[in-house]
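Here is a set of short questions and answers for working through one protein model. Keep the sequence and the 3D view open as you read.

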Amino acid sequence: MTLITFGVVALDCPDPRALADFYAEMLGWRVTEEDEEWVEVAGPDGRVLAFQRVAGYRPPQWPGQEVPQQAHLDFDVPRAKIDEAERAIVALGARLVQHDEGKQSWRVYLDPAGHPFCLCMR
């Protein structure tokens with residue numbers, strides 16, 4: 001038995017509420033905790049994402065390495081619904097940066113603060 005358990009994934013950003021709203025809407029989750037520097041969103045299964053304000057935030061430059069990604073999030077989508085999911089997240093403010101071109105099972109996007117994330121077709 002361990003004394004340590006997993007807590008939360010936190011993403012740095014310039015505006016925690018705006019980024020929390022993006023992910024809450026994308027996932028159908030809700031904001032559960034908030035102050036000026038930290039906002040959390042939670043899903044019905046208890047999973048939590050957090051967003052923290054960082055002064056002078058510089059987004060990763062994907063796929064370049066001048067400001068490398070240090071982490072990214074993967075979200076599963078049924079293969080038949082990938083285009084529908086893409087339209088929905090782009091309308092929320094995501095930007096497609098790598099299409100699957102029919103060769104891969106994922107597409108890469110940047111969230112409104114510039115973090116890369118993937119929609120993975122299952």
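Q: Where is the place of proline 44?
A: This is a predicted model, and its strands are numbered along the chain. Proline 44 comes after E3 and before strand E4 (48-53). Its place is the loop between E3 and E4.

Q: Is proline 44 buried or exposed?
A: Its relative accessible area is 81%. The cut-off for exposed is over 50%. Proline 44 is therefore exposed.

Q: What distance separates the C-alpha atoms of proline 44 and glycine 64?
A: Along the chain, these two residues are 20 residues apart. In space, their C-alpha atoms are separated by 36 Å.

Q: How many helices and strands does the protein chain have?
A: Read along the sequence, the pattern is β-α-β-β-β-β-α-β-β-β. Each α stands for a helix and each β for a strand. The totals are 2 helices and 8 strands.

Q: Why is the protein chain described as compact as a globular protein of its length?
A: The globule rule gives 14 Å for 122 residues. The chain comes close to that, so it is as compact as a globular protein of that length. Its radius of gyration is 15 Å.

Q: What share of the residues of the protein chain counts as buried?
A: Buried means under 20% relative accessible area. The chain has 122 residues. The share that counts as buried is 35%.

Q: In which sense do strand E2 (residues 30-34) and strand E3 (residues 38-42) pair?
A: E2 and E3 form a hairpin, with 3 residues between them. Glutamate 33 stands opposite glutamate 40 in E3. The two strands pair over 4 bridges, and the sense is antiparallel.

Q: Which residues of helix H2 (residues 82-92) are buried?
A: Buried residues have under 20% relative accessible area. The ones in H2 pack against H1, E5, strand E6 (95-98), E7 and E8. They are Ile82, Ala85, Glu86 and Ile89.

Q: Why do the buried residues of H2 line one face of the helix?
A: An α-helix has 3.6 residues a turn, so residues three or four places apart point the same way. The face of H2 turned away from the buried side carries the exposed residues Arg87 and Ala91. Seen down the axis of H2, the buried residues line one face because they fall within an arc of 100 degrees.

Q: What is the phi of glycine 93?
A: Glycine 93 comes just after H2. Its phi is positive, at about 125 degrees.

Q: Which residue has a positive phi of about 55 degrees although it is not a glycine?
A: Most residues other than glycine have a negative phi. The residue asked for is found in the loop between E6 and E7. At 57% relative accessibility, it counts as exposed. It is glutamate 101.

Q: Is arginine 107 buried or exposed?
A: Arginine 107 is found in strand E7 (residues 106-110). Its relative accessible area is 5%. The cut-off for buried is under 20%. Arginine 107 is therefore buried.

Q: Which side chains make polar contacts with the side chain of arginine 107?
A: Arginine 107 touches several residues far from it in sequence, including Ile82, Glu86 and Phe117. One polar contact, of 3.5 Å, is with histidine 99. Another, of 2.7 Å, is with aspartate 100. The partners are histidine 99 and aspartate 100.

Q: How many aromatic pairs does the structure hold?
A: Rings pair if their centres lie within 6.5 Å. Phe22, Tyr23, Phe51, Phe75, Tyr109 and Phe117 form one aromatic cluster. The number of aromatic pairs in the structure is 7.

Q: Are the rings of tyrosine 23 and phenylalanine 75 stacked, edge-to-face or tilted?
A: Their centres are 6.1 Å apart. Tyrosine 23 is in helix H1 (residues 16-27) and phenylalanine 75 in strand E5 (residues 73-77), 52 residues apart. Both residues are buried. The planes are at 35 degrees, so the pair is tilted.

Q: Are the rings of tyrosine 23 and phenylalanine 117 stacked, edge-to-face or tilted?
A: Tyrosine 23 lies in helix H1 and phenylalanine 117 in strand E8 (residues 116-121), so the pair ties together parts 94 residues apart in sequence. Tyrosine 23 is buried at 0% relative accessible area, and phenylalanine 117 is buried at 0% too. Their planes are at 65 degrees, so the pair is edge-to-face.

Notes: Residues are numbered from 1 along each chain as its sequence is written. This is a predicted model: local features need pLDDT of at least 70, side-chain atom pairs count only at pLDDT 80 or more; totals for chains, interfaces and linings use all residues. Side-chain values use heavy atoms; hydrogens and water are left out. Buried means under 20% relative accessible area, exposed over 50%, partly exposed in between (1.4 Å probe, protein chains only). A polar contact is a pair of N or O atoms within 3.5 Å; within protein, one must be able to donate a hydrogen and the other to accept it, and residues adjacent in sequence count only if both atoms are side-chain atoms. Contact means heavy atoms within 4.5 Å. Rings of Phe, Tyr and Trp (its six-membered ring) pair if their centres lie within 6.5 Å; planes under 30 degrees apart count as stacked, over 60 as edge-to-face and the rest as tilted. Two strands pair if DSSP finds at least two bridges between them. The arc is that of the directions from the helix axis to the C-beta atoms. The radius of gyration is taken over C-alpha atoms; the globule rule is 2.2 Å times the number of residues to the power 0.38.
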